[in-house]
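This report looks at how charged side chains pair and how the strands are arranged. The sequence and the structure are shown here for reference.

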Amino acid sequence: MLGFKSIEKVTPGEVSDRFFMGQLTLVDVRTEQEFEQVRVPGVLHIPVTEIKGRLGEIPAEHPVAFLCRSGHRSSLAARMAARHRDDVMNVDGGMDAWLRAGLPSATCPVSHERSSNTPPHGAGFGRPAEPPVRKGMNQ
């Protein structure tokens, strides 16, 4: 196609592995209502209707994958992002495929405040916690 970059389609499993290891930014472009119902923990939420004006919020240090319900809106968002960067992907099958694959999801109410110890956009997920350092008599 003339004028269009090819957007790589990736499976939910591929994205999950990379996202929870902190190697990829995942952007959910669904509506606020869809996002409230179920979402990937730690995902960056930017509705597709706002993506053009908020591309600057997407960290540039890692590749980015876009996610919607089925893959259509995320492909539109990925095309917009691909005008500004090369490392753009679309999650094939969207959140429907993510859930069918049994990958991590959250259904609790969305907190619009971030505590200081909440990892941003997937960082820290999927890795075992560091054991606490204990000071005892033998040290």
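A salt bridge is taken here as a side-chain nitrogen of Lys or Arg within 4 Å of a carboxyl oxygen of Asp or Glu. In this predicted model, the side chains of Asp87 and Arg85 meet in such a salt bridge, with 2.7 Å from N to O. Arg85 counts as buried at 16% relative accessibility, whereas Asp87, at 26%, counts as partly exposed. Salt bridges with shared partners also join Glu50, Arg54 and Glu57 into one network.

The structure holds 6 salt bridges, among them the following, listed with their closest N and O atoms.

| Salt bridge | N to O distance |
|---|---|
| Glu34 and Arg73 | 2.8 Å |
| Arg69 and Asp96 | 3.1 Å |
| Asp87 and Arg85 | 2.7 Å |

Arg69 lies in the loop between β4 and α4 while Asp96 belongs to helix α5 (residues 94-100), so their pair ties together parts that are 27 residues apart in sequence. Arg69 is partly exposed at 42% relative accessibility, and Asp96 is partly exposed at 29%.

Turning to the strands, an open sheet of 5 strands follows the order β1-β5-β4-β2-β3 with parallel pairing, and its edge strands, β1 (8-10) and β3 (44-45), each pair on one side only. Within this sheet, strand β2 (residues 25-28) and strand β4 (residues 64-67) pair in the parallel sense over 4 bridges, and Val27 stands opposite Phe66 in β4. Helix α4 (residues 72-82) lies across β4 and β5 (88-91), and runs at about 180° to β5.

Terms used
Residues numbered from 1 in each chain as written. Predicted model: local features only at pLDDT ≥ 70, side-chain atom pairs only at ≥ 80, totals over all residues. Heavy atoms only, no water. Pairing = 2+ DSSP bridges. Helix = DSSP H or I, 4+ residues; strand = E, 2+ residues; numbered from the N terminus. Contact = heavy atoms within 4.5 Å. Axes fitted to C-alpha atoms, helices over the stretch in contact; angles between N-to-C directions. Buried < 20%, exposed > 50% of the residue type's maximum accessible area, 1.4 Å probe, protein only.
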